[in-house]
Amino acid sequence: MAFQPAAVEAGKDSRVYLSESKEQDAYVPVNYHVPDNTVPNLETYMHYAKIQRDREALSAKNDAEGTHRGSLISRIFKGSQESDKRSVVSAHSDGKNVAPSSEEGGGALVTADEYRAASGALRTATWGSVFYLITTDILGPYSTPWAFQQVGYGPGVACFFVFGILAAYSGFLLWWMFLKLDSERYPIKSFGDLGQRIYGSWFRHLCNILQSLQLVFNVGIIILQNGQGLSQMAKFKLCFSICNLVWTLAGMILGQIRTLQKFGSIANIAIWLNIITLIMTMAFVANSAPNYTAVPFAGPVMTLGINLQAFQNQLNGIMQIVFSYGGAMIFVEFMAEMRRPMDFWKAMAYSQIFIFIVYMFFGLFVYTYQGQYVVNPANQGISSYGLQTATNAISLSAGLIAAALYGNIGIKVIYNNILVEIFGFPQLTVTRGKYYFAISVLIYWSIAFVIGSAIPQFSNLSSLIAAVCIFQFTYTFPPFMILGYCMQLDATKGDGEFDINNPHAHRVDTWRDLSRWKRAFLTKNAFFNVWNFLLTLACLSCAILSAYSAVQSIVTAFHTSGSAPSFGCKSPLDNSG
């Protein structure tokens with residue numbers, strides 16, 4: 001999923017654009033401590049989160065008083081736009097000194113910037129703008145026809161429905177935990193931050209590693225996709241590795257843009273380019289023959305209700321559906337930028353419905369006309385060279401922009417969480433840090449080039465990263481995290497009264513004592529905890545099996561006669577002989 005800061009959605013007001021130093025705060029890990037220099041416990045996070053939600057509820061009430069009645073559409077979208085403007089003004093208003101109330105356990109006078117701790121400046125988006133961003137997808141829709149080709153109509157529709165329900169459930173869990181644990185004093189900036197509140201730093205490191213891995217592989221996949229498109233445009237007369245190199249060099253240049261705000265206008269263009277490509281693809285496949293040279297099949301177009309082929313191939317197809325719902329990795333980042341995170345459920349619900357209907361319709365439409373000749377990505381399965389070139393030219397531009405956005409975030413995550421935190425590199429806002437960033441861009445895109453050129457198998461490579469990374473953020477981690485949260489919450493019911501000025505004194509036992517584990521397990525939420533535990537195991541098992549299938553498919557493809565070799569000149573789409 002292509003990412004841009006939600007704040008740029010309100011780009012009509014120049015105050016929404018953050019300085020580079022403030023944007024950098026969103027990626028810098030923060031070591032929070034309470035007054036006695038200990039790490040805050042769950043109760044402390046929940047205490048300040050409750051205060052934060054009360055403030056947001058009051059703000060929502062005040063905004064609602066100025067909202068006029070009207071049609072459903074106008075209330076939804078016009079109200080969201082007006083709320084955007086009010087949020088921007090509220091977030092960037094005066095710089096008066098404010099003092100935390102005595103309820104918060106503090107009385108020192110601090111400036112507004114210090115008190116809001118950068119998170120307040122970022123919180124300018126509403127659910128309308130977040131819906132817009134969640135549905136900004138570069139890989140999901142193009143892969144759905146191939147998913148139906150692998151499993152057939154019946155299993156494809158069933159998997160779209162089941163995975164959609166589970167993705168919505170996971171999104172709801174992330175939203176609920178964010179509301180309970182995020183505050184301006186202790187802001188949650190990323191998926192790893194939320195996990196750390198529940199399981200500690202080891203889980204944050206795991207999330208950061210998987211996030212970094214997913215982003216660099218996404219860049220590699222887009223290099224591969226664009227390389228395939230360029231090779232088609234060149235009629236396979238240009239060496240495929242050179243095609244990949246062209247986009248790598250272009251990405252290295254575009255990737256030198258450090259701040260996401262500067263991507264705002266071109267990212268918005270990319271969204272419309274994708275929509276145009278989808279519409280053109282449907283129009284062209286309905287009025288032209290399939291691209292017979294791109295796939296090693298023969299015979300008339302054939303569609304199946306159930307495709308009874310090897311199970312590992314079916315799993316690879318299902319992982320393309322996982323790609324469609326693969327936005328949970330940055331759900332937390334979206335909520336962190338919202339003025340009222342309580343409204344996130346609206347953006348998530350509408351976006352999941354949009355993905356289910358639009359993506360599935362596109363997949364069914366293209367599969368119906370092309371059957372076994374479906375190519376992944378779908379627009380490269382058009383047979384007419386002129387029409388094929390037209391869609392490639394548009395999608396290649398959108399792909400490069402998306403890859404630059406993936407790379408921008410991926411580099412910052414690695415730089416701040418590894419190079420700065422562990423090896424003491426300078427911040428990106430200082431001169432030396434900017435030089436290191438420029439070098440990091442070259443290294444990052446070089447790694448992505450190696451990934452895309454070493455494994456020139458678009459479907460298998462995307463299935464692998466879907467199983468290893470995307471599946472965890474969307475399906476495995478959320479139930480695992482809510483399990484830990486609920487157990488810790490139930491365990492506190494036997495403790496004394498919580499005092500924010502002495503946050504550790506109320507506990508009557510520790511996790512080394514059996515009594516605390518009994519309170520965590522033997523509660524009215526026991527069934528809910530068992531459900532999430534079993535769901536975690538089921539998702540983890542599915543992810544492992546799917547990753548194994550993807551690896552097996554990659555190995556099998558390399559041993560298949562006529563397949564594209566690593567770092568070779570033969571295009572994966574050239575099956576002419």
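A residue is called buried when its relative accessible area is under 20%, exposed when that area is over 50%, and partly exposed in between. By this scale Val246 counts as partly exposed, because its relative accessibility is 38%. The model discussed here is a predicted one, and Val246 is a convenient place to enter it. This residue sits in helix α11, which comprises residues 240-254, and together with Leu238, Ile242, Leu245 and Leu249 it forms a nonpolar patch on the surface, the accessible area of the five together being about 370 Å².

From the surface we turn to the empty space in the model. Rolling a probe the size of a water molecule over the atoms shows where such space is left. The largest pocket found has a volume of about 1000 Å³. Its lining is made up of 37 residues, of which Trp146, Pro296, Phe297, Asn460 and Ala557 are the closest to the centre of the pocket. Several helices contribute to this lining, since α7 (140-151), α13 (311-324), α18 (458-491) and α20 (526-558) each supply at least two residues. In character, the lining of the largest pocket divides into 16 nonpolar residues, 20 polar residues and 1 charged residue.

The charged side chains can be followed next. Side chains of opposite charge can pair when their charged atoms come close. Across the whole structure, a search finds 13 salt bridges, and helix α2 (residues 42-64) offers a useful starting point. There Lys50 forms a salt bridge with Asp54, with 2.9 Å between the closest N and O atoms; because the two residues are 4 apart in the helix, they are separated by about one helical turn. Asp54 counts as partly exposed, its relative accessibility being 40%. Arg53 and Glu56 also meet through their side chains in a salt bridge, at 2.8 Å from N to O, and both of these residues are buried. Being 3 residues apart in helix α2, Arg53 and Glu56 are likewise separated by about one helical turn.

A further salt bridge joins Glu184 to Arg55, the closest N and O atoms being 3.9 Å apart. Because Glu184 lies in the loop between α8 (153-181) and α9 (191-199) whereas Arg55 belongs to helix α2, this pair ties together parts that are 129 residues apart in sequence. The two partners also fall into separate accessibility classes, for Glu184 counts as buried at 8% relative accessibility, while Arg55, at 35%, counts as partly exposed. Elsewhere, Asp495, Asp509, Arg516 and Arg519 are joined into one network by salt bridges that share partners.

Definitions and conventions
Residues numbered from 1 in each chain as written. Predicted model: local features only at pLDDT ≥ 70, side-chain atom pairs only at ≥ 80, totals over all residues. Heavy atoms only, no water. 1 Å grid on protein atoms, 1.4 Å probe; cavity = no way out; pocket = protein on both sides within 12 Å on 5 of 7 lines; lining within 4 Å. Points joined across faces, edges and corners; volume = space filled by probe spheres on them. Nonpolar A, V, L, I, M, F, W, Y, C, P; charged D, E, K, R; others polar. Patch = residues over 30% accessible without salt bridge, like charges linked within 9 Å, V, L, I, M, F, W, Y side chains within 5 Å. Areas by Shrake-Rupley, 256 points an atom, 1.4 Å probe, with all protein chains shown as cover. Salt bridge = Lys/Arg side-chain N within 4 Å of Asp/Glu carboxyl O. Buried < 20%, exposed > 50% of the residue type's maximum accessible area, 1.4 Å probe, protein only.
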